[in-house]
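Please open the model in your viewer and keep the selection tool at hand, since each stop on this tour begins with something to select.

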Amino acid sequence: MADMSGKTVLVTGAGSGIGRAIADRFAQDGATVVCADINPETAEAAAGELLAGGFKALAVEVDISNEESVAHMVETVVDITGRIDTVAANAGVMVEGDILSLSLDDWNRALTINATGAFLTARATMPHLLNSGAGALVFTASTVALSGMRGVAAYSAAKGAIAALTRQIAADFADKGVRANAVAPGAVRTPLSESQFRARARDDAHFDELLGGVIARYPMQRWGESPEIAEVVHFLGTARSAWMTGQILPIDGGLLELR
Ligand SMILES: NC(=O)c1ccc[n+]([C@@H]2O[C@H](COP(=O)([O-])OP(=O)(O)OC[C@H]3O[C@@H](n4cnc5c(N)ncnc54)[C@H](O)[C@@H]3O)[C@@H](O)[C@H]2O)c1
């Protein structure tokens, strides 16, 4: 636990998967959690569930790839809560393909939502993180930011950009009281990862076979769970990791180190 009462935590992509688990985790520490998502219904559902459980939360609609929308999100949050202390810049999309199959539109979509979205979120929230006195930014990168994998060239390039951006922000703001770190998850079973395999699968049996193929690559022989990623985001986003900045932490069942 970390006492986050009186603090505001902004989570992008909080309507689903890993983001939703991150929102839940910070709410348990008494923070006001902002559930931001491009899908207003899932953002409302996430915030509504937290409020119903007696936690502090609000929902905001945002498209992280749109400068005005991000500015509006930050304005709304600061109008309501007066501050932003931790940002989990987590929203992202999968775009599949090697460079021969990727169109320029696919490439731009992967980079614009994942990498530019992370930049816009960090830039718009930074003045408030500086005011916080102990601001923390936690990006959701991926193991593909640190190691190659077939068929995800644009997604991997975008996640690599997030890893580099994490280190740059850490370097620029280390002496100003704002830390920047990233998590690099391996395969976590969420709507994002399932849709990836559903799109490739010929039928249900082939879908199960594809999912089994993923697990086989992992030394720990299982998928990651969203709360397991959220726990590390919480660690990096609170004073529990007060002397850590510029780190990209794999959470991957041993994939990168042991294969
Ligand atoms: N699931 C995995 O295996 C895995 C592995 C490594 C990294 N990641 C990363 O984790 C993050 C969360 O992924 P997830 O698996 O929970 O996916 P998900 O699809 O379940 O959730 C992503 C959320 O982001 C939102 N979103 C998408 N585009 C947005 C935009 N432009 N503005 C605001 N919100 C937007 C979606 O509506 C959705 O609610 C992503 O950055 C993803 O790349 C996932």
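In which hand does H1 cross H8, right-handed or left-handed? Before answering, bear in mind that this is a predicted model. Select helix H1, residues 17-27, together with helix H8, residues 226-237, and look along the place where they pack: H1 passes H8 in a right-handed crossing. The angle between these two helices is about 55 degrees, and their axes lie 8 Å apart. H1 and H8 are therefore oblique to each other. To see what fills the contact, show the side chains of Gly17, Ile18, Ala21, Ile22, Arg25 and Phe26 on H1, and then those of Ser226, Pro227, Ile229, Ala230, Glu231, Val233, His234 and Gly237 on H8. Sorted by class, this contact of H1 with H8 holds eight nonpolar, four polar and two charged residues.

Stay with Ile18 and bring the ligand into view, because a polar backbone atom of this H1 residue is 2.8 Å from an oxygen atom of the ligand. Select next the surroundings of the ligand, which comprise 28 residues, the closest being Ser16, Asp37, Asn90, Tyr155 and Thr190. Two of these deserve a distance label: a polar side-chain atom of Ser16 lies 2.6 Å from a ligand oxygen atom, and a polar side-chain atom of Tyr155 lies 2.5 Å from an oxygen atom of the ligand.

Tyr155 leads on to the next stop. Select helix H5, residues 153-173, and helix H4, residues 104-132, which pack at an angle of about 20 degrees with their axes 8 Å apart. That angle makes H4 roughly parallel to H5, and the crossing of the two is right-handed. Tyr155 is itself one of the H5 residues in this contact, alongside others including Ala153, Ala158, Lys159, Ile162, Leu165 and Phe173, while H4 contributes, among them, Trp107, Leu111, Asn114, Phe119, Met126 and Leu130. By class, the contact of H4 with H5 is made up of 19 nonpolar, one polar and one charged residues.

Keep H4 selected and add helix H3, residues 67-81, whose axis comes within 9 Å of that of H4 and crosses it at roughly 30 degrees. H3 and H4 are therefore roughly parallel to each other, and their crossing is right-handed. On the H3 side, show Glu67, Val70, Val74 and Val78, and on the H4 side Leu120, Thr121, Arg123, Ala124, Thr125 and His128, as these make the contact. Its classes are five nonpolar, three polar and two charged residues.

How values were computed: Residues numbered from 1 in each chain as written. Predicted model: local features only at pLDDT ≥ 70, side-chain atom pairs only at ≥ 80, totals over all residues. Heavy atoms only, no water. Axes fitted to C-alpha atoms, helices over the stretch in contact; angles between N-to-C directions. Helix = DSSP H or I, 4+ residues; strand = E, 2+ residues; numbered from the N terminus. Parallel < 35°, antiparallel > 145°, perpendicular 65-115°, else oblique. Left-handed = near helix turned anticlockwise from the far one by under 90°. Contact = heavy atoms within 4.5 Å. Nonpolar A, V, L, I, M, F, W, Y, C, P; charged D, E, K, R; others polar. Near = heavy atom within 4 Å. Polar contact = N/O pair within 3.5 Å; in protein donor to acceptor, adjacent residues only side chain to side chain.
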